[in-house]
Amino acid sequence: MAFVVGEACIRCKYTDCVDVCPVDDCFREGENFLVIDPVTCIDCGLCVPECPADAIFAEDDVPAEQQEYIALNAELAQHWPPINSPKPPLADADDWVDTGDKLQYLVR
């Protein structure tokens with residue numbers, strides 16, 4: 001079982017989770033979203049409490065309305081480059097952190 005980045009990360013892209021991840025190629029970076037590669041995730045859970053947006057879930061705990069993010073993480077992880085060190089969040093991340101229905105803003 002892998003961990004999954006959900007909707008709250010879109011347009012925020014906090015990278016606190018990357019800093020604690022013991023696997024170098026686990027997190028993958030898109031323009032305005034991070035995903036977790038389910039192939040390399042070792043299911044340690046260290047990333048979950050580090051996410052300021054509460055956007056990371058164990059696969060079995062992904063909310064019903066975000067189930068599509070399981071497949072989305074797997075798909076995008078195949079195309080996006082790894083991120084191995086923290087970076088500043090997006091400039092307006094704090095404005096978006098509590099916004100819902102953000103899938104429409106995902107830049108693939």
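In which loop is Asp43 found? Asp43 lies in the loop between E3 and E4, where helices (H or I, at least four residues) and strands (E, at least two) are DSSP runs numbered from the N terminus. The model described here is predicted, so that local features need pLDDT of at least 70 and side-chain atom pairs count only at pLDDT 80 or more, while totals for chains, interfaces and linings use all residues. Residues are numbered from 1 along each chain as its sequence is written, and side-chain values use heavy atoms, with hydrogens and water left out.

The protein chain holds three helices and four strands, and from the N terminus on these elements follow the order β-α-β-β-β-α-α. With a radius of gyration of 12 Å, close to the 13 Å that the globule rule gives for 108 residues, the protein chain is as compact as a globular protein of that length; the radius is taken over C-alpha atoms, and the rule is 2.2 Å times the number of residues to the power 0.38. Of the 108 residues, 48% count as buried, where buried means under 20% relative accessible area, exposed over 50% and partly exposed in between (1.4 Å probe, protein chains only).

The largest nonpolar core, a term for a set of buried Ala, Val, Leu, Ile, Met, Phe, Trp, Tyr and Cys residues joined through side-chain atoms within 4.5 Å, has 38 residues, of which Phe27, Phe33, Ile36 and Ile56 touch the most other members. Two or more residues each come from strand E1 (3-5), helix H1 (16-20), strand E3 (34-36), strand E4 (56-58), helix H2 (68-77) and helix H3 (93-96), and H2 gives the most, with four residues. Not counting residues up to four places away in sequence, Ile56 is in contact (heavy atoms within 4.5 Å) with residues including Phe3, Val5, Phe27, Ile36 and Cys51.

Away from the helices and strands, Asn32 has its place in the loop between strand E2 (27-29) and E3, and Asn32 is buried, with a relative accessible area of 6%. Among the residues that Asn32 touches, again leaving aside those up to four places away in sequence, are Cys9, Arg11, Leu90, Tyr105 and Val107.

Two aspartates have a positive phi, a value noted here in a residue other than glycine: phi is near 65 degrees in Asp43 and near 50 degrees in Asp101. Asp43 is partly exposed, with a relative accessible area of 32%, whereas Asp101, found in the segment after H3, is exposed, with a relative accessible area of 56%.
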